[in-house]
Amino acid sequence: MADIVGMYGLHPNRAGFCQCPFHKGDRQASLKIYAKDFNCFGCGANGDIFTFVQMMDDMDFKQAYEHLGGTYAKDTESRYVAHLKAYRADKKRQTLKRMEADKRTRICSNNDDISLYRLYLKILMPLSDLWCEVYNKLQYALYMHDILNESR
Ligand SMILES: [Zn+2]
């Protein structure tokens, strides 16, 4: 870890602290450098060598890994795989969440449509052109209602 921060011109003191590059005016040197991690007691920035490079150079994990890869590939391969797995699992979770939320809004708006159409049918003159049009729309909305609720 100390090697990496050294690459960015930061040199931890004997206690392992150096000025934090992630928040401004760190005169007290709040960034503690551990063997494999860092933690800033001023702004709370923390992570491992990859996080550090990611934050310094505005890279994603993959870029940071490749950037450091030549030197650190050996002992980091398994960490990279673990990182990637966690990242993918997280992506999947987010996508599922979004799909679920999206379906819920569709069900809500469909339910709104149904009650609106039913109201129109009561007000409009039965079998008039408009009434028929609304009636068709209601049938379609009811049909969608079944599909949406079945796939729940
Ligand atoms: Zn900081």
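A residue counts as buried when its relative accessible area is under 20%. By that cut-off Cys-40 is buried in this predicted model, because its relative accessible area is just 2%. Cys-20 falls on the buried side as well, at 5% relative accessibility.

These two cysteines are a good place to start, as they lead to the metal site. The zinc ion is held by four donor atoms, namely SG of Cys-20, ND1 of His-23, SG of Cys-40 and SG of Cys-43, at 1.9 to 2.3 Å. Read along the chain, the donors of the zinc ion are spaced as C-x2-H-x16-C-x2-C. Cys-20 sits in the loop between strand 1 and strand 2 (31-33), while Cys-40 belongs to strand 3; with these positions 20 residues apart in numbering, the pair links distant parts of the chain. The angles among the four donor atoms run from 104 to 119 degrees, and the site is tetrahedral. For comparison, the ideal angle for four tetrahedral donors is 109.5 degrees.

Aromatic rings offer a second theme. Across the whole structure, 10 aromatic pairs are found. One of them joins Tyr-8 and Phe-52, whose ring centres are 5.6 Å apart; their planes meet at 65 degrees, so this pair is edge-to-face. Tyr-8 is in the loop between helix 1 (2-7) and strand 1 (17-18), and Phe-52 is in helix 2 (residues 49-57), so the contact ties together parts that lie 44 residues apart in sequence. The two partners differ in their surroundings: Phe-52 is buried, with a relative accessible area of 0%, whereas Tyr-8 is partly exposed at 23%. Both residues also belong to a cluster, in which ring pairs link Tyr-8, Phe-22, Phe-38 and Phe-52.

Another pair is formed by Phe-17 and Phe-41, with ring centres 6.0 Å apart and planes at 50 degrees, so it is tilted. Here too the pair links distant parts of the chain, since Phe-17 is in strand 1 and Phe-41 is in the loop between strand 3 (37-40) and strand 4 (46-48), 24 residues apart. Phe-17 is partly exposed at 25% relative accessibility, and Phe-41 is exposed at 54%.

The last feature lies on the surface. Leu-116, Leu-119, Tyr-120 and Ile-123 together make a nonpolar surface patch of about 380 Å². One of these residues, Leu-119, is part of helix 3 (residues 61-123). Leu-119 has a relative accessible area of 44% and is therefore partly exposed.

Methods:
Residues are numbered from 1 along each chain as its sequence is written. This is a predicted model: local features need pLDDT of at least 70, side-chain atom pairs count only at pLDDT 80 or more; totals for chains, interfaces and linings use all residues. Side-chain values use heavy atoms; hydrogens and water are left out. Patches are made of residues with over 30% relative accessible area and no salt bridge: like charges are joined within 9 Å, nonpolar side chains (Val, Leu, Ile, Met, Phe, Trp, Tyr) within 5 Å. Accessible areas come from the Shrake-Rupley method with a 1.4 Å probe; for residues, only the protein chains shown count as cover. A salt bridge is a side-chain nitrogen of Lys or Arg within 4 Å of a carboxyl oxygen of Asp or Glu. Helices (H or I, at least four residues) and strands (E, at least two) are DSSP runs, numbered from the N terminus. Buried means under 20% relative accessible area, exposed over 50%, partly exposed in between (1.4 Å probe, protein chains only). Rings of Phe, Tyr and Trp (its six-membered ring) pair if their centres lie within 6.5 Å; planes under 30 degrees apart count as stacked, over 60 as edge-to-face and the rest as tilted. Donors are N, O and S atoms within 2.8 Å of the metal (3.2 Å for Na, K and Ca); water is not among the atoms, so sites may look incomplete. Four donors count as tetrahedral if all angles lie between 85 and 135 degrees; four count as square planar and six as octahedral if opposite donors are over 155 degrees apart and all others between 65 and 115; anything else is irregular.
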